[in-house]
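Good morning, and thank you for coming. Today I would like to speak about how helices pack against one another.

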Amino acid sequence: MKMGKIKAWFTLITQMGPVASIGNKFEVLNRFFVLDVLNDQGLFEFISTPKTYEEILNHFSYKDISYTQELFKLLKEDKGKIILFSEDNNTYQRNPQVELPKLQELLNIRDFERIYMASKVPQKFAKVIPNRMSGKSKDFIEELGEAGPSLFDYDEALTHKLYTGLRNSSFAYIKTNKLLKKKILDIGCGSGRETAELWMKFKGNSYLVGVDPIPSFIETARELFRIILEETIQKIGKNKIFPELTEDNHPEFATMKAEELEFPDESFDAVYLQQILHWTSDPRKAIHEIGRVLKPGGLFFGCQGTLPLRTPYMDIMIRAHEKVNGFFGLDDFKKWLSEAGFINFKRTTPAGIFKTIKK
Ligand SMILES: C[S@@+](CC[C@H](N)C(=O)[O-])C[C@H]1O[C@@H](n2cnc3c(N)ncnc32)[C@H](O)[C@@H]1O
């Protein structure tokens, strides 16, 4: 096994734990969030007697769009048998033999408490599902842009050890020394905590630019980067020595989408992202943009999960927003990379840690 692969695996396992088991637990919580929202809507009460799909749509003013069809398919196929579907009558009925999951019972199970902290991110998205089925959901960027202070719960969740473990594993997969004093773009940087981790990884010795489409994240990153960096060092880099944060090594931040990068061609030596492409409206376009702004020989690296997911409830929550593509297959990922001029694509761990070079 190559050194980068060993380091990526080692970092992931030691910092995050067994990835497959964490994925499964995340999905148990995701399933709870989705069922809870549908329960609040009164869906399960309505189908306490058998109802056709059309009757359900009419009652709740849901639209027969592919999103609604997919959600009902998910419920129909749910292994917990919450819903009984009759092929003969085409009806859905709440299974009276099976109880809905209860959050407190889930949290009593070992390890669920720490995963619950990290799952504050998807939890909020489940609430958007009824709007999406009614054709009233908003663009993700607009929705989060309006979230105000609760946006920072989301930011806090992203600093959770599970996400940091993923980021550190991506960093372990590459040769950091090659990127010292180079220009690096951090796409989907959130409020700058991820950029602070990159800053630490490159020992304050690279020129970093962080972009995210949510204006309040970028405002925070601009105003509070020094504090965010100090906090991040306290949290994960306590025993290491870092240079002073100066005007020269302070990252730049800009409000921008991955699909529309406002930088000249060939202006970066490396581009990093973690779990971003499925959030974009058009991941193929985003990859082409990344290829455009990278210099020949430049590195594109990070972490990106692909279909098939162990976590269909996670995907349905993500796609509750308008203009969010959702996850895509590995074949599409490779095809889009190749179209955009990337070579030597390598990927490791079930989390989707990857690196590739711009030709
Ligand atoms: C799951 S978070 C990941 C944040 C960070 N990369 C991390 O791992 O902690 C998704 C991030 O993607 C950003 N995002 C959403 N749509 C985007 C787009 N079209 N282009 C770039 N970033 C986007 C969000 O604002 C958010 O900060």
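Let us begin with helix α13, residues 193-201, and helix α14, residues 215-236, whose axes lie 9 Å apart and pack at an angle of about 55°. Please keep in mind that this is a predicted model. How should we describe α13 relative to α14: parallel, antiparallel, perpendicular or oblique? Angles under 35 degrees count as roughly parallel, those over 145 as roughly antiparallel, and 65 to 115 as roughly perpendicular. The angle here is about 55°, and therefore α13 is oblique to α14. The crossing of these two helices is right-handed.

Which residues form this contact? From α13 come R193, T195, A196, E197, W199 and M200, and they meet A221, I228, L229, T232 and I233 of α14. Sorted by class, this contact of α13 with α14 holds 7 nonpolar, 2 polar and 2 charged residues.

I now turn to a second pair. Helix α1, residues 3-15, and helix α12, residues 161-172, have axes that come within 8 Å of each other and cross at roughly 165°. Because angles over 145 degrees count as roughly antiparallel, α1 is described as roughly antiparallel to α12. The crossing of α1 and α12 is right-handed.

On the α1 side, the contact involves K7, A8, T11, L12 and Q15; on the α12 side, it involves K161, T164, G165, N168, S169 and A172. What is the division of these residues by class? In the contact of α1 with α12, 3 are nonpolar, 6 are polar and 2 are charged.

To close, I recall the two arrangements: α13 lies oblique to α14, and α1 lies roughly antiparallel to α12.

Technical notes
Residues numbered from 1 in each chain as written. Predicted model: local features only at pLDDT ≥ 70, side-chain atom pairs only at ≥ 80, totals over all residues. Axes fitted to C-alpha atoms, helices over the stretch in contact; angles between N-to-C directions. Helix = DSSP H or I, 4+ residues; strand = E, 2+ residues; numbered from the N terminus. Left-handed = near helix turned anticlockwise from the far one by under 90°. Contact = placed C-beta atoms within 7 Å. Nonpolar A, V, L, I, M, F, W, Y, C, P; charged D, E, K, R; others polar.
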